[in-house]
Amino acid sequence: MASTDARPAADAPPSPPRRVATRTWRRTLGAYVALTKPRVIELLLVTTLPPMILAEGGLPSIWLMVATLIGGAAAAGSANVLNCYLDRDIDSVMGRTRRRPLVTGEITPRQALVFGSALGIGSIAWFALVVNPVAALLTLGAIAIYVVGYTMILKRRTSQNIVWGGAAGCMPVLIGWSAVTGGLDWAALVLFGVIFLWTPPHYWPLSMRFREDYATAGVPMLPVVAGERRVAAEMLAYAVAMVVCSLVLVPVAGMGWVYLGVAVVAGAWFVALCVRLYRMAVDPERRGLVSRGPAMKVFHASITYLTLLFAAVAVDPFLPW
């Protein structure tokens with residue numbers, strides 16, 4: 001039987017490539033989001049809200065919290081995108097970063113520069129117009145410290161890069177506090193100190209795990225230029241100082257028993273892990289194993305510690321003791 005359609009099958013118009021276009025759009029959007037390092041932003045926001053609650057002595061207005069978190073996420077995203085833009089040569093030779101969008105070509109350097117700059121300018125303007133000028137100024141400082149201080153100046157020149165450059169990661173505490181009060185106080189500076197001292201024992205274990213990557217890229221992270229024993233010893237020293245600093249918040253901010261208990265127990269647990277790492281580093285029979293599982297255990301534990309401590313900061317103002 002003859003076909004009722006006189007057109008040759010080859011002449012049939014192709015289906016519109018809707019699925020391809022949708023897939024491409026989603027992939028591009030995902031690449032832009034990946035440049036902002038969302039997992040890093042999550043941790044930064046964890047340290048923004050609790051200081052706001054402590055500064056208020058209770059729950060700030062929902063709008064102020066939302067506005068501060070939006071601005072903080074945009075600012076952190078800006079710093080991370082610009083970091084990826086400046087470090088794209090390093091990222092291309094490191095195993096854990098060679099899949100980043102600027103390395104794979106999903107995003108061009110020009111697109112990343114425009115995107116990161118727009119996020120940064122937008123976040124500063126947002127804080128200035130919606131929150132207050134002090135928070136806007138601190139946001140500018142945070143971006144500048146990370147992009148200029150850490151990425152452009154310190155990272156490729158000194159093994160103490162993450163120590164001083166890590167100050168950028170402490171700024172959300174000050175931004176959150178100033179969003180509520182319009183200024184700063186000793187309690188905010190103590191929390192700043194906690195995160196400043198927390199940064200080396202948080203980041204150096206990751207640097208130990210990916211030591212070869214950093215060495216190949218020519219980045220002098222401390223685990224690249226120093227032995228495991230020295231790195232573990234300095235991590236332990238910073239961890240002890242961090243716990244002491246966290247306890248200073250008790251008299252300075254009038255913290256209660258819940259915060260004190262969490263600070264002592266969580267701090268002792270984290271210091272114990274650092275002690276264990278140090279003992280492995282000085283043991284000739286186990287020294288080569290430090291940079292694998294044990295180091296990453298300390299890395300993950302550092303995130304848990306900071307989350308628990310700042311959760312206690314957030315809860316403490318609501319308790320009657």
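In which helix is the place of Met52? Met52 belongs to helix H3, which spans residues 49-56. The model in which this residue sits is a predicted one, and the account below moves from the whole chain to single residues and then to the cavity.

The overall architecture is helical: the protein has 16 helices and zero strands. Measured out along the principal axes, its C-alpha atoms fill a box of roughly 90 × 55 × 45 Å. The chain comprises 321 residues, of which 47% count as buried. Sequence separation within the fold can be read from the contacts: of those between residues at least 6 apart in sequence, 74% join residues at least 24 apart. The accessible surface amounts to about 15700 Å², and 65% of this area belongs to carbon and sulfur atoms. As for charge, the protein carries 27 positive and 16 negative charges, and the mean positions of these two sets are 5 Å apart.

Met52 offers a starting point for the interior. Its relative accessible area is 0%, and Met52 is therefore buried, the limit for that class being under 20%. Leaving aside neighbours within four places in sequence, the residues in contact with Met52 are Pro60, Leu64, Met65, Thr68, Gly176, Ala179 and Val180. Two of these partners, Leu64 and Met65, have numbers that fall within the range of helix H4, residues 62-86. A separation across the chain can also be given for Met52: Ser246 is 194 residues away along the chain, and the two C-alpha atoms are separated by 17 Å.

Helix H4 also holds Asn83. Is this residue buried or exposed? Asn83 is buried, because its relative accessible area is 2%. With neighbours within four places in sequence left aside, Asn83 is in contact with Lys37, Tyr146, Tyr150, Thr151 and Lys155. Among these partners, Tyr146 and Tyr150 carry numbers within helix H8, residues 133-154.

The contact with Lys37 leads to the loop between helix H1 (18-35) and helix H2 (38-46), where Lys37 is found. The backbone here deserves attention. Most residues other than glycine have a negative phi. Lys37 is not a glycine, yet its phi is positive, at about 55°. Lys37 counts as buried because its relative accessibility is 14%.

Helix H2, on the other side of that loop, contains Ile41. The relative accessibility of Ile41 is 11%, so this residue counts as buried. Beyond neighbours within four places in sequence, Ile41 is in contact with Thr36, Ala73, Ala76, Gly77 and Asn80. For one of these partners, Ala76, a backbone distance is available: Ile41 and Ala76 are 35 residues apart in sequence and 6.1 Å apart in space, C-alpha to C-alpha.

Helix H8, residues 133-154, is where Thr139 is found. Which residues are in contact with Thr139, leaving aside its neighbours within four places in sequence? They are Ala75, Ser123, Ile124, Phe127 and Ile175. Thr139 is buried, because its relative accessible area is 0%. Between Thr139 and Gly120, which are 19 residues apart in sequence, the C-alpha to C-alpha distance is 8.8 Å.

The last feature is an internal void. How many cavities of 30 Å³ or more does the structure hold? There is one, and the volume of the largest cavity is about 30 Å³. The residues lining the largest cavity are Leu273, Arg276, Leu277, Pro294, Lys297 and Val298. The elements that give two or more residues to this lining are helix H15 (257-282) and helix H16 (293-315).

Terms used: Residues are numbered from 1 along each chain as its sequence is written. This is a predicted model: local features need pLDDT of at least 70, side-chain atom pairs count only at pLDDT 80 or more; totals for chains, interfaces and linings use all residues. Side-chain values use heavy atoms; hydrogens and water are left out. Helices (H or I, at least four residues) and strands (E, at least two) are DSSP runs, numbered from the N terminus. Buried means under 20% relative accessible area, exposed over 50%, partly exposed in between (1.4 Å probe, protein chains only). Contact means heavy atoms within 4.5 Å. Accessible areas come from the Shrake-Rupley method with a 1.4 Å probe; for residues, only the protein chains shown count as cover. Lys and Arg count as positive and Asp and Glu as negative; His and the chain ends are not counted. The place of a charge is taken as NZ of Lys, CZ of Arg, CG of Asp or CD of Glu. On a 1 Å grid over the protein atoms alone, a cavity is a set of points where a 1.4 Å probe fits but cannot get out, and a pocket is an open set with protein on both sides within 12 Å along at least five of seven lines; lining residues have an atom within 4 Å of a point. Grid points are joined across faces, edges and corners, and a volume is the space filled by probe spheres set on the points.
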